[in-house]
Amino acid sequence: VDVADEDAFRAFVASRTTALLRSAYLLVGDHGQAEDLVQTALVKTYLAWSRIREPAAVEAYVRRTMATTATSWWRGRRFRERVVETLPDRADADRVDPSLERDSMWWHLRHLPARQRAVLVLRYYEGLSEAEIADTLGFSRGAVKSHASRGLAALRRRLADDAAETGVRA
Amino acid sequence: MNEFERRLERTLLARAETVVAGQRLSGDAVVAAGRSAHRRRRTAAAAIVAAAVAVIVGAGVLAQTRDLGATPVPPGSASPSAVDTPPAPVPFGSVGVSLMGYDRIVTPEGTSVPLRGPKGFGSIQTVRVPDGWVLLLNGVANREEVTQVWFQSGDGDAVRVGDLMSYFEVSRDGRRVATHDGDLGTMAVYELPSLRRLARVSAPTENAYVAGIGGDWVVMAESVATWRESRAHAWNIVTGEVISTHAGVEVWGVSRDGQVLRRVADGASKACVDLVPIGQVGRDAGGWCTAELAEDGMRGALAPSGGWVMLHDYRDGRDHRYWVGVADIRVGAGRPVPIAIRIGLESGFFWDTDSSFVVSSKSGETYRCQPVRPCQPLIVPQTQGSLTLFGSVG
């Protein structure tokens, strides 16, 4: 990577880090891990910088790398060693409270298998189509459909279970 | 989009906004890391050759010992005795440990063995068994990142056990390997070195992974985003029986005689650690129960002998709190016994014998440790960021 390219890369990092960190946080559910994930993806991007001809393709490359890295189950061992946020005290869940709803949804989202979670994040946060998600994650469209459907079903079921326990409407 | 999906969308947007704008990753730091990665790629091949020479002649770069004594001791334990003068460093091969790097393995005897798997693939996990090596290889094929389990025999032939495998576990006699079987929905056990499939079963969940193998049992856990307690599943490969636990169990290891070390949450502020036969992994918690064991960063690993537990506390890198302790759970009370090691622990370690383990410090040094004895620094090549040590079974 020559000097001019490195300057362009630095400019990309400066302008896009916050947006990338937000996506990464949704993928892995932890701020520290999100920073690790973005850094990992950016280093891979730096190594591939000279091969990525289209400037518009750079962000897609980083996002694809983040998503595939986050869904690589073999990262699990490393992540198992990491500290994550603690569960909000759900014993207070005795009333309908929008912030609680968000927390419950978030809690259950974080406990979905990584691929289901990634598909839901790409669909409902990034706004990608099924075809785009399939391309990003390297899955078939059928697999994307299946992960989305199973993830949504699991979220509905778990939120309904919460509601049954606490008397809060799901 | 229905109301439930809109609610999910709102949750994601609200959560994303908790990441505040600001420069937390500098372009300079990423460029420096990228340059370093580029250099490592170029130098790893040379380093691994040098490593083979280093094993034989006992030369090399000395592992440094500046981390010793730098970190706090485990809460609730007696202070470790003053760390004795560390033993002199020895070449990694002299303690029976092998080295994996780039495209070859260096055996403890100093023999350099080329990897026969796909070109350009690197090993994520390697175990030496009596007839060769079991490897988890990761690389890019047809523009897709793939991971495969391979068996490479001692005479150099390599056989792919299957695609889309996850981490594997090898029995302590080195004769059985358990992993996914071709897709994430099936688990299987293979005989080594024949690779004859002994048994297979549908995975209890799609996020299950193999956590250990002992006797005729395989224990599985579930990967969840938090990497904490989940359900555990014990599968008997002879009868096909699968026993599942309730949520809240964290499997910390399986001994060679099939005892499982578990951490079980006991309320919000206490957790218990105990040893149970692998077929009873779902039974109620007992054993050693303390508040410290419930802490987020607390992790443990069971020595293959079943007699010792290595405890390590991993705190977020921001406050850099790490320590390693050892508890002799055979005494029943579970009192943590200080071990003469106070190393800023990196997450990776492995048992190289029934009662000793090899651990890397945060600053890159490598030690071989046994309970209540000073850790032995190991001489490893300078570019160990690209090289990893691994042990053997059987």
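What share of the 170 residues in chain A is buried? The answer is 52%, and in chain B the buried share is 53% of 394 residues. This is a predicted model, with chain A built from eight helices and zero strands and chain B from two helices and 29 strands. Here's a quick tour of the folds, the helix contact across the chains, the salt bridges, the disulfide and a couple of backbone oddities.

**The two chains**

- Reading chain A from the N terminus, you go α-α-α-α-α-α-α-α, with no strands to break up the run of helices.
- Take the contacts in chain A between residues at least 6 apart in sequence: 65% of these join residues at least 24 apart.
- For chain B, with its two helices and 29 strands, the corresponding figure is 42%, again counting contacts between residues at least 6 apart and asking how many join residues at least 24 apart.

**Where a helix of A packs on a helix of B**

- H6(A) packs against helix H1 of chain B (residues 3-16) at an angle of about 90°, and the two axes sit 10 Å apart.
- The angle falls in the 65 to 115 degree range, so H6(A) counts as roughly perpendicular to H1(B).
- On the H6(A) side, the residues making the contact are Leu120(A), Val121(A), Arg123(A) and Tyr124(A).
- H1(B) brings Glu5(B), Leu8(B), Glu9(B) and Leu12(B) to the same contact.
- Sort the residues of this H6(A)–H1(B) contact by class and you get five nonpolar, three charged and no polar ones.

**Salt bridges**

- Over all chains, the whole structure has 16 salt bridges.
- In general, side chains of opposite charge can pair when their charged atoms come close.
- One of the bridges pairs Arg63(A) with Glu126(A), at 2.8 Å from N to O.
- That pair links distant parts of chain A: Arg63(A) is in helix H3 (residues 55-70), while Glu126(A) is in the loop between helix H6 (114-124) and helix H7 (130-137), 63 residues apart.
- How do the two partners differ in exposure? Arg63(A) has a relative accessible area of 18% and is buried, whereas Glu126(A), at 23%, is partly exposed.
- The cut-off for buried is under 20%, which is why Arg63(A) at 18% makes it and Glu126(A) at 23% does not.
- Arg63(A) and Glu126(A) also belong to a network of salt bridges that takes in Arg16(A) and Glu59(A).
- Over in chain B, Glu250(B) and Arg263(B) form a salt bridge of 2.7 Å, N to O.
- Here the link runs from strand S17 (residues 249-254), home of Glu250(B), to strand S18 (residues 259-265), home of Arg263(B), with the pair 13 residues apart.
- Glu250(B) and Arg263(B) are both buried.
- Asp352(B) and Arg368(B) make another salt bridge, with their closest N and O atoms 2.6 Å apart.
- Asp352(B) sits in the loop between strand S25 (345-351) and strand S26 (357-361), and Arg368(B) in strand S27 (residues 366-369), so this bridge ties together parts of chain B that are 16 residues apart in sequence.
- Asp352(B) and Arg368(B) are buried too.

**The disulfide**

- How many disulfides are there over all chains? Just one, and it joins Cys272(B) to Cys289(B), with S to S at 2.1 Å.
- The Cys272(B)–Cys289(B) link is right-handed, with 105° about the S-S bond.
- The two cysteines are 17 residues apart: Cys272(B) is in strand S19 (residues 271-277) and Cys289(B) in strand S20 (residues 288-290).
- Is each end buried or partly exposed? Cys272(B) is buried, with a relative accessible area of 3%, while Cys289(B), at 30%, is partly exposed.

**Backbone oddities in the S11–S12 loop of chain B**

- Most residues other than glycine have a negative phi, and most peptide bonds are trans.
- Leu192(B) and Pro193(B) are joined by a cis peptide bond, with omega at about 5°.
- Pro193(B) is in the loop between strand S11 (186-191) and strand S12 (197-202) of chain B.
- Leu195(B) lies in the loop between S11 and S12 as well, and has a positive phi of about 65° although it is not a glycine.
- Leu195(B) is buried, with a relative accessible area of 17%.

How values were computed. Residues are numbered from 1 along each chain as its sequence is written. Chains are lettered from A and ligands numbered from 1 in the order in which they are written. This is a predicted model: local features need pLDDT of at least 70, side-chain atom pairs count only at pLDDT 80 or more; totals for chains, interfaces and linings use all residues. Side-chain values use heavy atoms; hydrogens and water are left out. A salt bridge is a side-chain nitrogen of Lys or Arg within 4 Å of a carboxyl oxygen of Asp or Glu. Helices (H or I, at least four residues) and strands (E, at least two) are DSSP runs, numbered from the N terminus. Buried means under 20% relative accessible area, exposed over 50%, partly exposed in between (1.4 Å probe, protein chains only). A disulfide is a pair of cysteine sulfur atoms within 2.5 Å. Axes are lines fitted to C-alpha atoms, for helices over the stretch in contact, and angles run from 0 to 180 degrees between N-to-C directions. Angles under 35 degrees count as roughly parallel, over 145 as roughly antiparallel, 65 to 115 as roughly perpendicular and the rest as oblique. Contact means heavy atoms within 4.5 Å. Ala, Val, Leu, Ile, Met, Phe, Trp, Tyr, Cys and Pro count as nonpolar, Asp, Glu, Lys and Arg as charged, and the others, Gly among them, as polar.
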